[in-house]
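Colleague: I have this model open on my screen and would like a close look at one part of it. Could you take me through the place where the two domains touch, and then on to whatever else helps me find my way around?

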Amino acid sequence: MEKDLKSKTVAALDRLIVRLGQPKYQAGYIFSAVQAHSVTDISAITTLSKPLRAKLVEEGYYISSLQVVEKLTDPDGTVKYVFGLPDGSKIESVLLFDDDRRTLCVSTQVGCEMGCVFCATGRLGLARNLTAGDIVDQVNLAGGDARISNVVFMGMGEPLANYEATLDAVRILNHSAGRHIGIRHLTISTCGLVEGIERLADEGIQPRLAISLNAPTDAIRQKLMPIAKKYSLGRLFAAVELYQHKTRNRVTFEYCLIKGVNDTGLHARMLVKRLRGVMCNVNLIEYNPHEGCNLKPSDREAIERFAGVLEDAGFETTVRLKMGQTINAACGQLGAKRMENSE
Ligand code: SF4
C-alpha cells in the first residue's frame, strides 16, 4: 500500500482516516498541510491530534520530497529544474513564461520506453514510473519561484503509461484545498496510447488532452514513433472520436516539424484531410536537434508554409519555436545531457 501522504488524493485520505477510526474532516487537514502548505513532516501537521500523528508514523506513513539538484535559466526566461528522487534517479521539469501564464512541463516517468526517434528521453529507456507525489512535487517546488498557472504532463515519460499516478496527480493539483489549478489548465499529452485515451473519456475529471501526432500517414509516423506500429492512425482517430463523443472536449494535436520528413506542403494537405471533422487545434513545434539524432529542424519558411495550409483550412494553429535552447529545456531534449554526461 502507498504510504506516501503526498501521493494521496482527498478520497484516498478519507479512506485512510475512516480506517483509523477518525472523523473524516481530518483527511482535509492532512491534504491541505501537505499540498497547500508544503509540510514535509507528519509531526508538523499540528491541526491533527498528537495520537493521530503518532499512529500515522507508527503505521509507516511519511511525506515524500524531491530535491532540487540543478536549476538552470535560459536568457529567454525558460527555467529547467533537475530533481533528485530518493533512489538517486533524476527527472526534469521545465517552466515556461508566456504573458501572464506560468506553464510547468512535468515528468511522469524516469525515462520512457516509447522510443520516439526525435526525443532524447526515448533514448534513455524506462527506469520506473513516478508516484503521484513525485509528479505534484515538481509543481510544488517550481511553484516556489512563480505561481504555476498551467501544468502540461509532457516532460520525461508517457503519462498514460503511468495512468493511475497521472490521474491522481491531476486530482490533487485540481483540488480546491491544494494548488487548485483549473482542470482546463491541466493537459495530458500522449504519444497515442489508445486504451488510455478511451479510459480517460470515462473519468469523472476531464483534463485537456493533447496527442503527439507528428505525421499525416502511418508510414511516416512509424518511422518516427514505434507506437505507431501498434496503433494505426485509423485506430488512434477512432479513440479520439470516442473520446470527443463522450466528453465534447477539443483535442490538441502536437506536430513536431522535421526537415524533409513531415514538413512539406503535401504533408500539410494530408494532415488537413486527416483532421477534417475532428474538434481540434494544432501546435506546430520546431524540432530541437540533439546529439545522437541526425534529424534536422524545418526551416522557418517551411514552418510558415505548413502553418498557412492548416490556417487556410480553418484549423487554429500555434507555432511553438524553440525555447530554453542554452539549457536543453526544449521539447524532446529532456534527459539528453544527463545521458551524455553519464556515458
Ligand atoms: S516523445 Fe514522449 S512518448 Fe516519445 S519517447 Fe519522448 S517522452 Fe516518450
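Modeller: Happy to, and please keep in mind that this is a predicted model. Where the two domains meet, 10 residues of domain 1 are in contact with 13 residues of domain 2. On the domain 1 side, helix α2 supplies the largest share of the touching residues, five. Sorted by class, that side of domain 1 has three nonpolar, six polar and one charged residues. To place the two parts along the chain, domain 1 covers 5–58 and domain 2 covers 67–342. Their C-alpha centres lie 33 Å apart.

Let's stay with α2, then, which covers residues 25–36. Its 12 residues, at 1.5 Å each, should span 16 Å, and this agrees with the 16 Å between its end C-alpha atoms. Which residues of α2 are buried? They are Q26, A27, I30, F31, A33, V34 and Q35. As you turn the helix on your screen, remember that residues three or four places apart point the same way, because an α-helix has 3.6 residues a turn. The buried residues of α2 pack against four helices: α1 (10–19), α3 (50–58), α4 (132–142) and α5 (163–174). Just past the end of α2 you will come to S38, which takes a positive phi of about 55 degrees.

Further along the chain, have a look at G122, in the loop between β5 (109–112) and β6 (125–129). Why does G122 count as buried? Because it has 23 C-beta neighbours inside 10 Å, and 20 are enough for that label. Leaving aside residues up to four places away in sequence, G122 touches C112, M114, G115 and C116. For C112, the C-alpha to C-alpha distance to G122 is 5.3 Å, although 10 residues separate the two in sequence.

A last stop is strand β9, residues 208–212, where four of the five residues are buried. β9 has a parallel partner in β8 (residues 186–190), with four bridges between them, and in this pairing S189 is matched with A210 of β9. Helix α6 (residues 194–201) joins β8 and β9 in a right-handed β-α-β unit. β9 also runs parallel to β10 (residues 251–257), again over four bridges. There you can find S212 opposite E254 of β10.

Methods:
Residues are numbered from 1 along each chain as its sequence is written. This is a predicted model: local features need pLDDT of at least 70, side-chain atom pairs count only at pLDDT 80 or more; totals for chains, interfaces and linings use all residues. A residue is buried if 20 or more other C-beta atoms lie within 10 Å of its own, exposed if 12 or fewer, and partly exposed in between; C-beta atoms are placed from the backbone. Helices (H or I, at least four residues) and strands (E, at least two) are DSSP runs, numbered from the N terminus. Two strands pair if DSSP finds at least two bridges between them. A crossover is right-handed if, with the strands pointing away from the viewer, the path from the first strand over the helix to the second runs clockwise. The expected span of a helix is 1.5 Å times one less than its number of residues. Two residues are in contact if their C-beta atoms, placed from the backbone, lie within 7 Å. Domain bounds come from an automatic or database domain assignment. Ala, Val, Leu, Ile, Met, Phe, Trp, Tyr, Cys and Pro count as nonpolar, Asp, Glu, Lys and Arg as charged, and the others, Gly among them, as polar.
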